[in-house]
Amino acid sequence: MALLEVENLQKYFPVQRGVLNRTVGYIKAVDGVSFSLNRGETLGLVGESGCGKTTVGRCLLRLIEPTAGRVAFNGQNLLELDRGEMLKIRASFQVIFQDPFSSLNPRMNVGDIIAEPIRNHLTISAAETRQRVAHLMHRVGLHTATMHRYPHEFSGGQRQRIGIARALALNPKVIVCDEPVSALDVSIQAQVINLLAQLQEQLDLSYIFIAHDLSVVEHISDRVAVMYLGRIVEVATAEALYANPLHPYSRALMSAVPIPDPDLHRERILLPGDVPSPLNPPPGCNFHPRCFARQDRCSRETPILRDVGDGHQVACHL
């Protein structure tokens, strides 16, 4: 059984207008997302900005409440738990945020930032807490002597390491990595990615790695799920997806990945138009207005995510 199973996850944000704030529609940020995550696995979640990747992560953590669906951790549906029961589960679910500065409290020193979840969830002495914080800082490559410094005294890469240490404080099983390297320099990105891979091997962690940089996702992910306008359109192993993407949208994304060899060339697939509004998504397949291979049925029938062999799933009538 998978460690985490997500079934038909939905998040609709109401649009209210007028003096009486009447609901006139819904923004379908996440519209029927399903996937699974195995123990020790990294699932990459990719797609254009605004496709719903971060909303999926926040729904899994219940930082925002989903509209519908099922999120099962070790067979237990997290969406059925009350506040007290969810508090006990939160130790197993942590998050690394995109911005390594705004996600840290500027009024707290690094030691207190990392110790905060420990103090909230565990009953241990102050000396044990300090010892644990020092161990976490050493594990992510920070000097323990800087424990009393504040976030503004660190570089962007160091601040993200602080965020990683805080996420590890309660020995979680699943970490949602919400574009953890997109705000960092390229050289620092590699260091943070290697650190995450090393921690995963040492601690048997499972990652949901949200990103729009396909090269980074290819490096760290075991499987990759491609999202478009609130829906998953393709899921496959990283090797299979990058070698042979089946969905037209996945093919367009892969064609935009730079090749670090001047002698190799890739034909770029340029998609016409803009991403439709999630307030009024097109009927049938959400991608059909921009698809270069669309058929008549694409505008009428919504394709389901189906397995085409070896765990490769694609939602496309082709």
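**Reading strands, a helix and hollows**

Tutor: Let's start with strand β3. Thr42, Gly44 and Val46 point one way from β3, while Leu43 and Leu45 point the other way, and all of them are buried. Keep in mind that this is a predicted model.

Student: What do I take from that about β3: is the strand mostly covered or not?

Tutor: Count its buried residues, where buried means under 20% relative accessible area. For β3, residues 42-46, the count is five of five, and the strand is mostly covered.

Student: Which strands does β3 pair with?

Tutor: Look for bridges. Four of them join β3 to strand β8, residues 206-210, and the two run parallel. Leu43 is a handy place to look, with Ile208 of β8 standing opposite. Another four bridges link β3 with strand β9, residues 223-228, again in parallel. There, try Gly44, which has Val224 of β9 opposite.

Student: On to helix α5. How many Å should its 13 residues span?

Tutor: Work it out at 1.5 Å a residue: α5, residues 156-168, should span 18 Å. Its end C-alpha atoms sit 19 Å apart, which agrees.

Student: And is α5 enclosed or open?

Tutor: Eleven of its 13 residues are buried, so α5 is largely enclosed by the rest of the structure. Charged names don't rule out burial here: Arg159, Arg161 and Arg166 are among the buried residues of α5, and so are Ile162, Ile164 and Leu168.

Student: What covers those buried residues of α5?

Tutor: The cover includes β6 (93-96), α3 (110-121), α4 (126-139), β7 (174-178) and α6 (186-203).

Student: Now the hollows. How much space lies in the largest pocket?

Tutor: About 420 Å³. It is lined by 15 residues, and those closest to its centre are Arg90, Phe93, Gln94, Val95 and Pro117.

Student: Which element gives the most to that lining?

Tutor: α3 does, with four residues. At least two residues each come from β6, α3 and α5, so you meet our helix again. By class, the lining of the largest pocket splits into nine nonpolar, three polar and three charged residues.

Student: How many cavities of 30 Å³ or more are there?

Tutor: Three. The largest has a volume of about 80 Å³.

Student: Which residues lie nearest the centre of the largest cavity?

Tutor: Cys285, Cys291, Cys298, Cys316 and His317, out of 13 lining residues. That lining has nine nonpolar, three polar and one charged residues.

Terms used. Residues are numbered from 1 along each chain as its sequence is written. This is a predicted model: local features need pLDDT of at least 70, side-chain atom pairs count only at pLDDT 80 or more; totals for chains, interfaces and linings use all residues. Side-chain values use heavy atoms; hydrogens and water are left out. On a 1 Å grid over the protein atoms alone, a cavity is a set of points where a 1.4 Å probe fits but cannot get out, and a pocket is an open set with protein on both sides within 12 Å along at least five of seven lines; lining residues have an atom within 4 Å of a point. Grid points are joined across faces, edges and corners, and a volume is the space filled by probe spheres set on the points. Ala, Val, Leu, Ile, Met, Phe, Trp, Tyr, Cys and Pro count as nonpolar, Asp, Glu, Lys and Arg as charged, and the others, Gly among them, as polar. Buried means under 20% relative accessible area, exposed over 50%, partly exposed in between (1.4 Å probe, protein chains only). Two strands pair if DSSP finds at least two bridges between them. The expected span of a helix is 1.5 Å times one less than its number of residues. Contact means heavy atoms within 4.5 Å.
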